[in-house]
Amino acid sequence: MKTLCHQFRQSSERFGDNVAVHHRGEDVTYAQLWRRAAAVADWLEEGGLKHGERVGLLLPNTAD
């Protein structure tokens with residue numbers, strides 16, 4: 001069974017240069033989106049979050 005993370009990574013590899021999100025005049029490609037998500041995951045791990053733990057995020061509705 002493929003996880004959402006696995007499918008997202010595959011999409012970023014297959015369609016890396018394609019636009020995944022267009023928001024307020026900004027285009028974000030699948031590769032850029034993957035890098036942003038990985039940076040957030042790294043930040044959470046550095047903060048002590050362990051695999052399997054849950055976290056809630058409250059973020060504005062932007063491409064970031």
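**Group meeting: a walk from Ser12 outwards**

Okay, let's start with one small residue: Ser12 has a relative accessibility of 10%, so Ser12 counts as buried, the cut-off being under 20%. Before I go on, please keep in mind that this is a predicted model.

So where does Ser12 sit? Ser12 is in helix H1. And which residues does Ser12 touch, once we leave aside its neighbours within four places in sequence? Those contacts are Tyr30, Ala31 and Trp34. Hang on to Tyr30 and Trp34, since both come back in a moment.

On to the aromatics. How many aromatic pairs does the structure hold? There are 2. Take Phe8 and Trp34: the ring centres are 5.3 Å apart and the planes sit at 70°, which is over 60, so we call this pair edge-to-face. Phe8 belongs to helix H1, residues 4–14, and Trp34 to helix H2, residues 30–46, so this pair ties together parts that are 26 residues apart in sequence. Buried or exposed? Well, Phe8 is partly exposed, at 24% relative accessibility, and Trp34 is partly exposed too, at 23%.

Next up are Phe15 and Tyr30, an aromatic pair of the tilted kind, with 6.3 Å from centre to centre and 50° between the planes. Here again distant parts of the chain are linked: Phe15 is in the loop between H1 and strand S1 (19–23), Tyr30 is in helix H2, and they are 15 residues apart. Phe15 has a relative accessible area of 32%, so Phe15 is partly exposed. Tyr30, at 26% relative accessibility, counts as partly exposed as well.

Now for the charges. The structure holds 1 salt bridge, and the partners are Arg36 and Glu26, whose closest N and O atoms are 3.2 Å apart. Arg36 is in helix H2 and Glu26 in strand S2, residues 26–29, so to speak of the chain, this pair links distant parts, 10 residues apart. Arg36 is partly exposed at 26% relative accessibility, and Glu26 is partly exposed with a relative accessible area of 33%.

Last stop, the pocket. The largest pocket has a volume of about 260 Å³. What lines the largest pocket? You'll find Val40, Ala41, Leu44, Glu45 and Leu49 there, along with Lys50, His51, Gly52 and Glu53. Sorted by class, that lining comes to 4 nonpolar, 2 polar and 3 charged residues.

That's my tour, thanks for listening.

Note on methods:
Residues numbered from 1 in each chain as written. Predicted model: local features only at pLDDT ≥ 70, side-chain atom pairs only at ≥ 80, totals over all residues. Heavy atoms only, no water. 1 Å grid on protein atoms, 1.4 Å probe; cavity = no way out; pocket = protein on both sides within 12 Å on 5 of 7 lines; lining within 4 Å. Points joined across faces, edges and corners; volume = space filled by probe spheres on them. Nonpolar A, V, L, I, M, F, W, Y, C, P; charged D, E, K, R; others polar. Phe/Tyr/Trp six-rings, centres within 6.5 Å; stacked < 30°, edge-to-face > 60°. Helix = DSSP H or I, 4+ residues; strand = E, 2+ residues; numbered from the N terminus. Buried < 20%, exposed > 50% of the residue type's maximum accessible area, 1.4 Å probe, protein only. Contact = heavy atoms within 4.5 Å. Salt bridge = Lys/Arg side-chain N within 4 Å of Asp/Glu carboxyl O.
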